[in-house]
Amino acid sequence: MDFTPTEEQEAARDLAARIFGDLATHERLAAAGTGSDAELWKALCAAGLPGAVEETGLLGLVLLLEEQGRRTAQVPLAATCVYGILAVARHGTEEQRARLLPGLRDGTTVVTGAFPGTGGVVAHEGRLGGAVEWVPWLRDATHVLVADAERGLWLVRTEDAARIEPVELTAPWSAGRLVLDDTAAERLGTASGFDAYADVLVAARVAFAGLQAGVCAGSLARAVEYTSVREQFGRPLATHQAVQLRAADAYMDTEAIRVTAYEAAWRHDEGLDAAEAALTAAWWASEAGKRVVHTGQHLHGGMGADLDHPVHRHFLWGRQVDAYLGCGTELLAELGDLLAKGDPS
């Protein structure tokens, strides 16, 4: 395996880093409150970054999401790329690709996902009923990719939903409760849906693990900067062994999240079975991610308790990604079941 980015992936990542660095500042994020930054989303789409994922693949998306996570930028990049661009490009019909992809590329169409399928939505003759308690970036979306109880995939226009009720999460993800009542829906593709469901679930787990790698890297960078200038007993905090050990552990955890996400994305892009790798990446993002953002806040001492401090935003995002991926014990149990099925003994 080779995780070395291609020239196209590097160019997209560097461009994303510049845009996020210019626009996802602490002041702008504070002003945005719990909503998304429409100007930042417009800038990303004008630069062609969501559309570039069609060419750079899931690994290219992971690189973009790392840069978003470093800045905790409030845009629906992960959702619209995983549940929109990649899902439609890989599993949509030719007509669906021609109709939906142009809007997804330019940002006029925003897709999020009611994932994973929990049995709360039932499909009957092209219409859906049920509710999903919270869907990330639902308030920004024009469409929702809904997984029904049989793991079929359906595209629903948000304007056709019975109700969308705002929900505030730990992180500002413009979430909402989706209520469907005999709602018209369009099946994604023509197959039964199981393979497409599994593929989209893998992509989502890997993408959000990549986002968590960026969140952790940003939290750690802030902690390193702070402890290098904050003095205690006449010398910088960073010179104390206990601080160095905590930071070193956080660095190793962050690298573990990153490399497992890269491996899973690479396998997905190469057409290899990536289910186990995706669960591994998700477990690291969940378990190690919590440790890293707690460390980042702890190393700020009293400043870390300030809800308005930038490091607190990383803490909130880290906990929210953990909640979205599922707690580590659940992911580990699912991984164990998957490994057991592959072992004839």
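Helices, from which elements such as α10 take their names, are DSSP runs of H or I with at least four residues, numbered from the N terminus. In this predicted model, the largest share of the lining of the second largest pocket, 5 residues, is contributed by α10.

The space in this second largest pocket amounts to about 270 Å³. Its lining is made up of 19 residues, among which G33, P172, L307, R313 and L316 are the closest to the centre of the pocket. Two or more residues of this lining are given by α2, which spans residues 26-32, and likewise by α10. When the lining residues of the second largest pocket are sorted by character, 9 are nonpolar, 7 are polar and 3 are charged.

The largest pocket holds about 690 Å³ of space, and 31 residues line this pocket, with Y197, L201, R205, L279 and E334 being the closest to its centre. At least two residues of the lining of the largest pocket come from each of four helices, namely α7 (194-229), α9 (275-298), α10 (310-325) and α11 (328-341). Among the contributors to this lining, α7 provides the largest share, with 9 residues. By character, the lining of the largest pocket comprises 19 nonpolar, 3 polar and 9 charged residues.

The helix α10 therefore appears in the description of both pockets, as α10 supplies at least two residues to the lining of the largest pocket and gives the largest share, 5 residues, to the lining of the second largest pocket.

Methods
Residues numbered from 1 in each chain as written. Predicted model: local features only at pLDDT ≥ 70, side-chain atom pairs only at ≥ 80, totals over all residues. Heavy atoms only, no water. 1 Å grid on protein atoms, 1.4 Å probe; cavity = no way out; pocket = protein on both sides within 12 Å on 5 of 7 lines; lining within 4 Å. Points joined across faces, edges and corners; volume = space filled by probe spheres on them. Nonpolar A, V, L, I, M, F, W, Y, C, P; charged D, E, K, R; others polar.
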